[in-house]
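Let's walk through this model together, starting with the whole chain and then zooming in on a few of its parts. Keep the 3D view open as you read.

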Amino acid sequence: PARFRPSDPVAEMTLGLMWAGGQRLDLQPAGCADPQCDLDHGRTLELADLAAVHALDTAGHTAAFSAVQRRGGELARWRSRVDGARQAVAWAFRSVTAEPPSALLDEVLRRLPAQDVGMDLIGDESAPAGPPRDRLRWLKVTALVLLAALVLGVGGWTVWSQFTRPGIVHRIDQSKDLFTTSEYPAQDGGSVQAFLSREQNSGYLMISGMPQLPEGQSYQLWLYPSDGTAPASLGTFDANGFGEPVTFRGLDRFAAMGISVEPSSGSEVPTSEPIVGVDLDPTAQTGPRYGGRPSNN
């Protein structure tokens, strides 16, 4: 309906593609002017489709999800509709390709330090070149190559330090707001301990002592979003695969972590109850936690 038309043209187009992709929006036009009115009339689940493509503003999404949580039994259906809507969007865009802007390379080169100066030093290829000029041109080209290698080296080191597992663990351990939970015991043995930093918006998990599983099964780690949508997988592991920290980013988006037993190939969503769960909110007042830095720091 027009009253839910988003201001973002991409979201507006997405709503249309959801219809084309088989996702039906069951919104009943009862004269309501905002999502709160629909909530007052009991139309909670119908807003899940709009929430999936961010067609609701923050207040509308918060009100709709809070209403779902209060009703309890509708939470699973809400998540199912959100996932279905997103899958419809993915289906609709499956054949869409995009070429990078033609001026992208020129823009990147323009922003490199001293790039314009270096290009001026190369000189005009059409000018007559004697032996001294050839030598000078070779030296200048060599300088440009070394400069490019330096830029790439610095960039590569920055990416490594920011996104690799050792880099994330080091930055979390050195952060001023590092919060360490106590060890959460798993049902059949083993434990999980979380190390969290709001400053770095990241965390990592130390998992130890997990028992061996029967052939064909594996442990799968899940991050549960704060907004109640479907959990995100951190991958599958066997009992011997927890020797290194399991890192993740986006701490502000997740409320908890859980481990379930799944087929060795993994699952799209948890198919069993978690054998252990960890609260990822450093400000929470429930559950075993003591805060501060780990004992080996």
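Of the 297 residues in the chain, 36% are buried, where buried means under 20% relative accessible area, exposed means over 50% and partly exposed covers what lies in between, using a 1.4 Å probe and protein chains only. Bear in mind that this is a predicted model, in which local features need pLDDT of at least 70 and side-chain atom pairs count only at pLDDT 80 or more, while totals for chains, interfaces and linings use all residues. Residues are numbered from 1 along each chain as its sequence is written, and side-chain values use heavy atoms, with hydrogens and water left out.

The secondary structure amounts to nine helices and nine strands. These are DSSP runs numbered from the N terminus: H or I with at least four residues for helices, E with at least two for strands. As for contacts (heavy atoms within 4.5 Å), take those between residues at least 6 apart in sequence: 61% of them join residues at least 24 apart.

Now to helix α4, residues 58–71. What span should its 14 residues have at 1.5 Å a residue? The expected value, 1.5 Å times one less than the number of residues, is 20 Å, and the end C-alpha atoms are indeed 20 Å apart, so the two agree. Buried in α4 are Gly60, Ala64, Phe65, Ala67 and Val68. They sit on the same side of the helix because they cover an arc of only 155° around the axis, the arc being that of the directions from the helix axis to the C-beta atoms. Turned away from that buried side is a face with the exposed residues Thr58, Ala59 and Arg70. What do the buried residues of α4 pack against? Their partners are α2 (35–40) and α5 (75–92).

Helix α5 also holds valine 89, which counts as buried because its relative accessible area is 17%. Valine 89 and valine 53 are 36 residues apart in sequence, and their C-alpha atoms are 8.4 Å apart in space.

On to the cores. A nonpolar core here is a set of buried Ala, Val, Leu, Ile, Met, Phe, Trp, Tyr and Cys residues joined through side-chain atoms within 4.5 Å. In soluble globular proteins, nonpolar side chains tend to be buried together. The largest core in this model has 24 residues, and those with the most contacts inside it are Val192, Leu205, Ile207, Leu221, Met257, Ile259 and Leu280. At least two residues of this core come from each of β3, β4, β5 (217–225), β7 (246–249), β8 (254–263) and β9. A second, separate core has 18 residues, including Ala51, Ala64, Ala67 and Trp78. Back in the strands, pick out methionine 257: leaving aside residues up to four places away in sequence, it touches Val192, Leu205, Leu221, Trp222, Leu223, Tyr224, Val276, Gly277, Val278 and Leu280.

How are the strands wired up? Two strands pair if DSSP finds at least two bridges between them. β3 and β4 run antiparallel, joined by seven bridges, and glutamine 193 has methionine 206 in β4 as its bridge partner. β4 is also joined to β7, again antiparallel, by four bridges; here serine 202 has arginine 249 in β7 as its bridge partner. Five of the seven residues of β4 are buried, so this strand is largely enclosed by the rest of the structure. Five bridges join β5 to β6 (residues 232–237), also antiparallel, with glycine 235 in β6 as the bridge partner of leucine 221.

Two hairpins deserve a look at their backbone angles. The one formed by β3 and β4 has four residues between the strands, and asparagine 201 in the turn has a positive phi of about 55°. Asparagine 201 is partly exposed because its relative accessibility is 26%. In the hairpin of β5 and β6, with six residues between the strands, glycine 228 takes a positive phi near 85°.

Last comes charge pairing. The structure holds one salt bridge, meaning a side-chain nitrogen of Lys or Arg within 4 Å of a carboxyl oxygen of Asp or Glu. Arginine 198 and aspartate 281 form it, with the closest N and O atoms 3.2 Å apart. The pair links distant parts of the chain, 83 residues apart: arginine 198 is in the loop between β3 (191–197) and β4 (202–208), and aspartate 281 is in the segment after β9 (276–279). Arginine 198 counts as partly exposed because its relative accessibility is 38%, and aspartate 281 is partly exposed too, at 25%.
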